[in-house]
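Colleague: I would like a close look at one part of this model. Please take me through the place where chain A and chain B meet, and the open space there.

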Amino acid sequence: MVPLPYRVIRRHLETRDSVSLDLEPVARRVAPFRPGQFTMLYARGVGEIAVSVSGDSSRADGIITQTIRDVGAVSRALHSSMPGQLVGLRGPFGTGWGIESAQGRQLVVVAGGVGLAPLRPVLLEAIRRHESHSRIVLIAGARSPSEFLFTDELDIWAAMPDVEVVLTVDQPADDWTGGVGFVTEPLSRLELAAGMTTAFICGPEPMMRFSATVLLGKGMAAQDIRISLERNMKCGVGLCGHCQLGPLLVCRDGPVVDFAVAGPLLAVREL
Amino acid sequence: MTGPEQLTDFVPFRRLTAVQRAAVARSGRTVDYAAGRRLFDEGQDAVGCWLICSGQVALSTAVPGRGQVVVQTLGPGEVLGWSWLVPPHHWHFTATALGPVSTIELDTARLRALADDEPALGYPLALGMFEVVLNRLQNSRARLLDLYGNPRER
Amino acid sequence: MPVILTRPELNELVSVLIRNGYRVIGPTLRDSEIVLDELVSGDQLPSGWGVDSGPGRYRLHRRSDAAVFGHSAGSQSWKQFLHPSRQQLWSMNGSRFDAAPVPPVRYAFLGVRPCDLAAISKLGAVLGGGQHRDGRFAGRSNGLLVIAAGCTEPGGVCFCASMGTGPAPGPGYDLALTERIDDSGHRFLVDVASEEGNRIINSLSHRPAAGFEVADARAAVSEAARRMGRQMPITDIRKLLQQSRESAVWDAVADRCLTCGNCTMVCPTCFCTTTEDLTDLTGEQVERSERWASCFETDFSYLHGGSVRTSGASRYRQWITHKLGTWHDQFGSSGCVGCGRCIAWCPVGIDITEEITALSVQRDRTETDVDVLGALSGDLDGAR
């Protein structure tokens, strides 16, 4: 499993610790990705990490967008990559959000922090297929008003007639007319048709657990709630053993897993 | 006039019987607020309780150098104002309508008298208020986890 | 039809294999242990050496005969040749990523125990049976010739019979030997299972086995199944582990387990790896390599500034649950072959057959507790 060389052609600052990189294949390109999948991104001489693709899956030019938050050695190296720099890319791997199986249903998308990045592709796809989804709700939480990703796009989506966008921040905020409260608070206030709704949740694990609990409390079936799991990955292809969560290999059986499967596993301490 | 059915949209009244809800509804009236209107100020005597039917209300406090800092926003289905129920009966924060807000305002003096006279109403009402506060506490604890923080800064 | 090889003919077998371009790997005696190594001659086989093994114990002893396969549970297994402990994956040169070449090799493994034969097959399922295959493993397994050795004397830590992997070799061998030493001499009954095995046998002197010789060999192996020193409890172990995630047993074993990872190093099916990146001082040459990893490592499950599994209890639970439980979910079979190495090489002598038994007892106890509490109205002391 040898990486393919990709070049950074655009670096866009999203927040104080996150950037979005547009990557162009130097020669061969990887297979087209499905929303929710991830790639293994290599920073020269530093290492490789799993990063969910945050770009538009309908792009035909082979350019891949990945949003990187600087949290460790490899992500710092990727985060500081400038246009012209080379990275290695393997993938795409894993399961996708599977919006095809939510045809005709209402969508509730819940994003926490950088969890909005893996959700962006499925939101773009849902909007493209808006005749399939009578209602698209995005509830996005962030630490503070300056830490939302894709702020331009959030404005565009909020202005669309079929899309409801609710933003909320954890920390008390000055100069902010959006919501202040944990993401489960506007989620609790949401009126939804439980049997007709599919939910996609991505963010820190406790945030996903709490959000899924709220949705279950509203009568949704656990199978209709999909979350994106994260575990340590070295190979990304089911050979290194690192990404296990009980019986699941997150790189192969995930990262998108429905809550009926994931819920009981996430409830076990240190699994 | 507030219809008793409207009250079932709000958690504290779901445990009441229809008759009890009708009694509570008699102490309520619809009140709308324009954007920017203050519903109550920090430090004032806590009188009144607002059931938010539409719009968003911000709870804030003054922080020198930062101005009015919003600590919580509330939306439809939520109950604004709890300090009328227990001492010291003062508002802890200032409440401001973020946009046009439509509410049911309850006469809390009347509600207190009703609850004191009829423990069979007062008890489920108090449990319902407890549920509201508990939810808020759990969400506030979740915010304290600072889940979106960068691990580098821990 | 089975054939018979004499002891000298076994040596001849080794020479024939080498002449045919195979790198012959077999047991040898070194550093007070039976160590798998490359053979240049059949004389290197450990003649007359046996092993005393038990929990946390492995000692060689002199046998009264000249058996060459009279030992078990050495610290290494055949996985080190097919899935080496270190290998370079690729290097980055300018804007190119070049895979590191795997030198072509044809191994002949001589003396593969039935447990180890099953282990090679399980490794194959993991590394070669998924959507993404480990090409390097495939390359090393290409042309592999396996000469199994059936067991007639169970080792002190063995439990292959209860894992369904022995003492008779399962499918996957080219030739299978059963060593017999008695008044008639020192000989090997050879079962031939492949064309290549047949071709090799026909390149050396041998004679057909007589009916009674075959019967004797078979009997010796089935006898061995009845003399195992330990066994896994007869239960659905996958389900038991699924139900035991919150068992009190984990804290109990954690009091003893050093999380040293020996078990994962000696286990013939443990396959976990991690990657390493190397640059030279100029930063021009960049390489990535792979090395064995262990789920006992504290940063094996590292995520967002800390590890998911920090306690010893959770790491032990992960290892045994994967090996005997979730391996079924991931790869369609148990990951354990009953070789007992983890028991022998554990410094504190933890025995996984005992731990599974403890989990089973604990589960029954918990279920019984519920019934007791339901049935009785009073005394809680006795129930716990």
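Modeller: What follows covers the contact of chain A with chain B, then a pocket, then the cavities. Keep in mind that this is a predicted model.

Start with the contact itself. Chain A brings 32 residues to it, and chain B brings 26 residues. Together the two chains bury about 2,400 Å². Of that area, 47% lies on carbon and sulfur atoms.

Next, the charged pairs. Six salt bridges are found across the interface of chain A and chain B. One joins the side chains of A:Asp70 and B:Arg152. The N to O distance there is 2.8 Å. Polar contacts are counted too: 16 residue pairs between chain A and chain B, with both residues at pLDDT 80 or more.

Which elements of chain A supply at least two residues each to the side that touches chain B? They are helix 1 (73-79), strand 8 (136-142), strand 10 (179-180), helix 4 and helix 5. By class, this side of chain A holds twelve nonpolar, ten polar and ten charged residues.

Now the pocket. The second largest pocket has about 930 Å³ of space. Its lining is made of 31 residues. Closest to the centre are A:Glu185, A:Ser188 and A:Arg189 from chain A, with B:Val11 and B:Asn135 from chain B. Four elements are worth tracing on the structure. In chain A, helix 4 (184-189) and helix 5 (205-217) each give two or more residues to this lining. In chain B, strand 3 (49-54) and helix 4 (119-144) do so. Helix 4 of chain B gives the most, with seven residues. The lining of this pocket divides into twelve nonpolar, ten polar and nine charged residues.

Helix 4 and helix 5 of chain A therefore deserve a second look on screen. Both appear in the list for the side that touches chain B, and both appear in the list for the pocket lining.

Last, the closed spaces. The whole structure has seven cavities of 30 Å³ or more. The largest cavity holds about 130 Å³ of space. It is lined by 16 residues. The closest to its centre are C:Cys257, C:Cys263, C:Tyr316, C:Cys346 and C:Ile350. Helix 10 (262-266) and helix 11 (312-331) of chain C each supply at least two residues of that lining. By class, the lining of the largest cavity has 13 nonpolar residues, three polar and no charged. The lining of the second largest pocket, by contrast, includes nine charged residues.

How values were computed. Residues numbered from 1 in each chain as written. Chains lettered and ligands numbered in written order. Predicted model: local features only at pLDDT ≥ 70, side-chain atom pairs only at ≥ 80, totals over all residues. Heavy atoms only, no water. 1 Å grid on protein atoms, 1.4 Å probe; cavity = no way out; pocket = protein on both sides within 12 Å on 5 of 7 lines; lining within 4 Å. Points joined across faces, edges and corners; volume = space filled by probe spheres on them. Nonpolar A, V, L, I, M, F, W, Y, C, P; charged D, E, K, R; others polar. Contact = heavy atoms within 4.5 Å. Buried area = accessible area lost by both parts, 1.4 Å probe. Salt bridge = Lys/Arg side-chain N within 4 Å of Asp/Glu carboxyl O. Polar contact = N/O pair within 3.5 Å; in protein donor to acceptor, adjacent residues only side chain to side chain.
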